Amino acid sequence: MTAEILVIGAESTGKSSLIKRIREISSLQSHGNDFDTMNSNEVITPTIGVDIVDINYFSTLFKLRELGVAISSRWHSYYEDCDAMIFLVDVSDAASWSQSYVLLHDCLTFLPQWKKKPILLVLNKVDIADEMTIKTCERMLRLETLTQIPQEDGEGQDPLQITILSGCCLSGTSEGKTLAKHTLDWIMSSLK
Ligand SMILES: Nc1nc2c(ncn2[C@@H]2O[C@H](COP(=O)(O)OP(=O)(O)O)[C@@H](O)[C@H]2O)c(=O)[nH]1
Ligand SMILES: [Mg+2]
């Protein structure tokens, strides 16, 4: 089985880092490599356009397609063909929240085909945000009303399928492994 997963979000929210952690987890599962001993210090360079990473996990080939914010006006052209979407937010960076809000709400409002596709919202970088900041971020993004966003085409009133995870993508930490593992579990369960 092959599945394409979009990984999107504002700049520096941790998209490449999450993909790297997921690749490490899948490598551990497939080859028994312990990623703490792998090259986890590898420098992650900013993604300007599109980056694709293939991951094999339990006989499924995932194509994780990272779309940089520089091409956010073209994100919609990738929606139709993908199976699920992961949207990252940097909870530690208050300056980025309004951009994240606009990007996320634009996706959910103007892209009705998403009604039937699973969406994972990752609140990333909790390791460098205190509880108050995280709560403020959640309020800024209006998370409690996300699933009820009215659809532009007015078709049906089914709530959107949105799952929210929070965590961090730091290499070589149990928290980094946990978020990546939970993300992989979500991908597997959302494709069933
Ligand atoms: N403290 C912390 N830093 C992170 C985390 N995730 C990513 N970063 C850092 O944030 C910066 C941007 O990450 P990157 O994955 O390139 O973001 P992208 O632009 O969304 O792909 C890098 O310096 C990462 O090391 C996290 O969970 N916690
Ligand atoms: Mg990147």
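User: Where is Glu138 found?

Analyst: Happy to start there: Glu138 is found in helix α4. Please keep in mind that this is a predicted model.

User: What makes Glu138 count as partly exposed?

Analyst: Glu138 has 17 C-beta neighbours inside 10 Å. A residue is buried at 20 or more and exposed at 12 or fewer, with partly exposed in between. The value of 17 lies between those two limits, so Glu138 counts as partly exposed.

User: How many residues along the chain lie between Glu138 and Val91 as a separation, and what is the distance of their C-alpha atoms?

Analyst: Glu138 and Val91 are 47 residues apart along the chain, and their C-alpha atoms are separated by 8.3 Å.

User: What does the whole chain look like in terms of helices and strands?

Analyst: The chain has 5 helices and 6 strands. Read from the N terminus on, the elements run β-α-β-β-α-β-α-β-α-β-α. Of its 192 residues, 33% count as buried. Among contacts with a separation of 6 or more, 76% are between residues 24 or more positions apart.

User: In which order do the strands form the sheet, and is the pairing mixed or uniform?

Analyst: The 6 strands form an open sheet in the order β2-β3-β1-β4-β5-β6, and the pairing is mixed.

User: What makes β2 and β6 the edge strands?

Analyst: Each of β2 and β6 pairs on one side only. On average, neighbouring strands of this sheet are turned by 20° against each other, direction ignored.

User: How do you know that β1 pairs with β3, and which residues are bridge partners?

Analyst: Two strands pair if there are at least two bridges between them. β1 and β3 have 6 bridges, in the parallel sense, so the pair meets that cut-off. Ala3 has Phe62 as its bridge partner in β3, and Ile5 has Leu64.

User: What joins β1 to β4?

Analyst: There are 5 bridges between β1 and β4, and these strands run parallel. Ile8 stands opposite Phe87 in β4.

User: Which strands pair with β5?

Analyst: Strand β4 (residues 84-90) is joined to β5 by 6 bridges and runs parallel to it. Phe87, which stands opposite Ile8, also has a bridge partner in β5, namely Leu121. Strand β6 (residues 162-166) pairs with β5 over 5 bridges, again in the parallel sense. In that pair, Ile119 stands opposite Ile162.

User: Why is β5 called largely enclosed?

Analyst: 6 of the 6 residues of β5 are buried, so the strand is largely enclosed by the rest of the structure. In a regular strand the side chains alternate between the two faces of the sheet. Both faces of β5 are covered: one side has Ile119, Leu121 and Leu123, the other has Leu120, Val122 and Asn124, and all are buried.

User: What is notable about phi of Lys125, and is this residue buried or exposed?

Analyst: Phi of Lys125 is near 65°, a positive value in a residue other than glycine. Most residues other than glycine have a negative phi. Lys125 is found in the loop between β5 (119-124) and α4 (131-140). With 25 other C-beta atoms within 10 Å, set against a cut-off of 20 or more, Lys125 is therefore buried.

User: Why is Ser59 called exposed?

Analyst: Ser59 has 6 other C-beta atoms within 10 Å, and 12 or fewer is the limit, so Ser59 is exposed. Ser59 is found in the loop between β2 (50-57) and β3 (60-67). Phi of Ser59 is near 65°, a positive value.

User: How do you know that the length of α3 is close to the expected one?

Analyst: Helix α3 (residues 94-110) has 17 residues and reaches 25 Å from its first C-alpha to its last, against the 24 Å expected at 1.5 Å a residue. Those two values are close.

User: Which residues of α3 are buried, and what do they pack against?

Analyst: The buried residues of α3 are Ser96, Trp97, Ser100, Leu103, Leu104, Cys107 and Leu108. They pack against β1 (2-9), β4 and α4.

User: What surrounds ligand 1?

Analyst: Ligand 1 is surrounded by 18 residues, and the closest are Gly14, Lys15, Ser16, Ser17 and Cys168. Helix α1 (residues 15-31) gives the largest share of this shell, 3 residues. By class, the shell has 6 nonpolar, 8 polar and 4 charged residues.

Note on methods:
Residues numbered from 1 in each chain as written. Chains lettered and ligands numbered in written order. Predicted model: local features only at pLDDT ≥ 70, side-chain atom pairs only at ≥ 80, totals over all residues. Helix = DSSP H or I, 4+ residues; strand = E, 2+ residues; numbered from the N terminus. Contact = placed C-beta atoms within 7 Å. Expected span 1.5 Å × (residues − 1). Near = placed C-beta within 6 Å. Nonpolar A, V, L, I, M, F, W, Y, C, P; charged D, E, K, R; others polar. Axes fitted to C-alpha atoms, helices over the stretch in contact; angles between N-to-C directions.
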